[in-house]
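Reader: I should like to discuss the cavities, pockets and sheets of this structure in turn. May we begin with the enclosed space?

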Amino acid sequence: MLRLDDLELFVRTADTGSLSAAARALDVSPAVASAALKRLEQALEVRLLVRSTRSLRLTAEGEQFLAHARAALRSLEEGRGLLAGGKTAISGELRLAAPSDFGRNVLLPWLDAFQAEHPQLRVRLLLGDRVSDLFRQPADIALRYGIPDDSSLVALPLAPANRRVLCGAPGYFACHPAPRQPDELREHNCLLFMLGERVHDRWHFYRGRREASVTVRGDRSSDDADVVRRWAVAGRGLVYKSWLDVAGDVQAGRLQLALVDYQGEPAPLNLICTHRAQLTRPVRLLRDFLQARCAELLAAAPW
């Protein structure tokens, strides 16, 4: 029989990367913490952590078990909440990873509204554009554009019809005539996004069954999608971004659409997790909430 306190100690250790830090957080001695991990490993008959005097890391089995341990703890906390506060209340902590631009400029007010509906829920938001390993990242779920390469991950659609759009600031278009076809982008300063070492400088557009691809150039690039959007709003060049990221800027007049006779690349937004056991009631409620908000933005999309 697995002990709840042993599971909690294991999850805290994995999150902090330190057995002593986990022991302090749970107010137990290092000796008690070490004994708890040994007891859990003996019960599972696997090695969960590789420990030395200076480092600690999860084994492959530990990474696999971590998602189940987190899900078990969340499920128990949710059960306590149902007994203590009625069937409608949700509580506990929800750990969510999201892209930088979408997270800062779109998701933040949505999370404010969601927490106003569920005041007992705590949210930990991790922002970044790098595609990190969900098995290692201390997050329950992640919001990501595109379909994950790892087929073992669970992907639930939030905005499957979302696409990229080409846009620029009114001040930019006052000095540079808007392109009428994709090839004319070669004459424009295009603001580029980097993911890892790769610069996304090949932009694809669709008109009926025809596809037009153009390699663009510009004097600025960044691995932070929010920085690229801010450059566009400041009039530094053209940007090719998800409609969800720029819908607010377009509706407020800070950005204007270009090449509206063409469709941009698909950019579906999905909720990603490592296992269906992570689809707890708070996660399902958040998914439904985000789906509804994304649908509102997509209703005003130009395609």
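Reader: What volume does the largest cavity have?

Author: The model is a predicted one. A search of the whole structure finds 2 cavities of 30 Å³ or more. For the largest cavity, the computed volume is about 80 Å³.

Reader: Which elements give two or more residues to the lining of the largest cavity?

Author: The largest cavity is lined by 10 residues, and those closest to its centre are Arg74, Ser91, Glu93, Thr280 and Pro282. By class, the lining comprises 3 nonpolar, 3 polar and 4 charged residues. The elements that contribute two or more residues to this lining are H4 and E3.

Reader: How many charged residues are in the lining of the second largest pocket?

Author: The second largest pocket has a volume of about 490 Å³. Its lining consists of 17 residues, of which Glu8, Arg12, Leu73, Glu77 and Arg95 lie nearest the centre. Helix H1 (4–16), helix H4 (60–85), strand E3 (92–98) and strand E4 (121–127) each supply at least two residues of that lining. Divided by class, the lining has 4 nonpolar residues, 1 polar residue and, as the count requested, 12 charged.

Reader: Why is one side of strand E13 and of strand E14 left without a neighbour in the sheet?

Author: The open sheet of 3 strands follows the order E13-E7-E14, and its pairing is antiparallel. Strand E13 (239–242) and strand E14 (256–258) each have a single partner strand, so one side of each lacks a neighbour in the sheet; the reason is their place at the edges.

Reader: What is the average twist from one strand to the next in the open sheet E13-E7-E14?

Author: The sheet has 3 strands and antiparallel pairing. From one strand to the next, its twist averages 50 degrees.

Reader: Which residue in E14 is the bridge partner of Cys167?

Author: Strand E7 (residues 164–168) pairs with E14 in the antiparallel sense, over 3 bridges. In E14, the bridge partner of Cys167 is Leu257.

Reader: At about what angle does helix H8 run to E13?

Author: Helix H8 comprises residues 243–252 and lies across E7, E13 and E14. Relative to E13, helix H8 runs at about 110 degrees.

Reader: Which residue in E12 stands opposite Phe193?

Author: A second sheet to consider is an open one of 3 strands in the order E9-E8-E12, with mixed pairing. Its edge strands are strand E9 (198–199) and strand E12 (221–222), each of which pairs on one side only. Strand E8 (residues 192–195) and E12 pair in the parallel sense over 2 bridges. Opposite Phe193, in E12, stands Ser222.

Reader: Is Ser222 buried or exposed?

Author: Ser222 is found in strand E12. Leaving aside neighbours within four places in sequence, Ser222 is in contact with Leu192, Phe193, Met194, Val227, Val228 and Trp231. Because its relative accessible area is 10%, and the cut-off is under 20%, Ser222 is classed as buried.

Reader: Which residue takes a positive phi in the hairpin of E10 and E11?

Author: Strand E10 (residues 202–207) and strand E11 (residues 210–215) pair in the antiparallel sense over 6 bridges. Arg207 has Arg210 as its bridge partner in E11. The hairpin has 2 residues between the strands, and the one with a positive phi, near 65 degrees, is Gly208.

Methods. Residues are numbered from 1 along each chain as its sequence is written. This is a predicted model: local features need pLDDT of at least 70, side-chain atom pairs count only at pLDDT 80 or more; totals for chains, interfaces and linings use all residues. Side-chain values use heavy atoms; hydrogens and water are left out. Two strands pair if DSSP finds at least two bridges between them. Helices (H or I, at least four residues) and strands (E, at least two) are DSSP runs, numbered from the N terminus. Axes are lines fitted to C-alpha atoms, for helices over the stretch in contact, and angles run from 0 to 180 degrees between N-to-C directions. Contact means heavy atoms within 4.5 Å. On a 1 Å grid over the protein atoms alone, a cavity is a set of points where a 1.4 Å probe fits but cannot get out, and a pocket is an open set with protein on both sides within 12 Å along at least five of seven lines; lining residues have an atom within 4 Å of a point. Grid points are joined across faces, edges and corners, and a volume is the space filled by probe spheres set on the points. Ala, Val, Leu, Ile, Met, Phe, Trp, Tyr, Cys and Pro count as nonpolar, Asp, Glu, Lys and Arg as charged, and the others, Gly among them, as polar. Buried means under 20% relative accessible area, exposed over 50%, partly exposed in between (1.4 Å probe, protein chains only).
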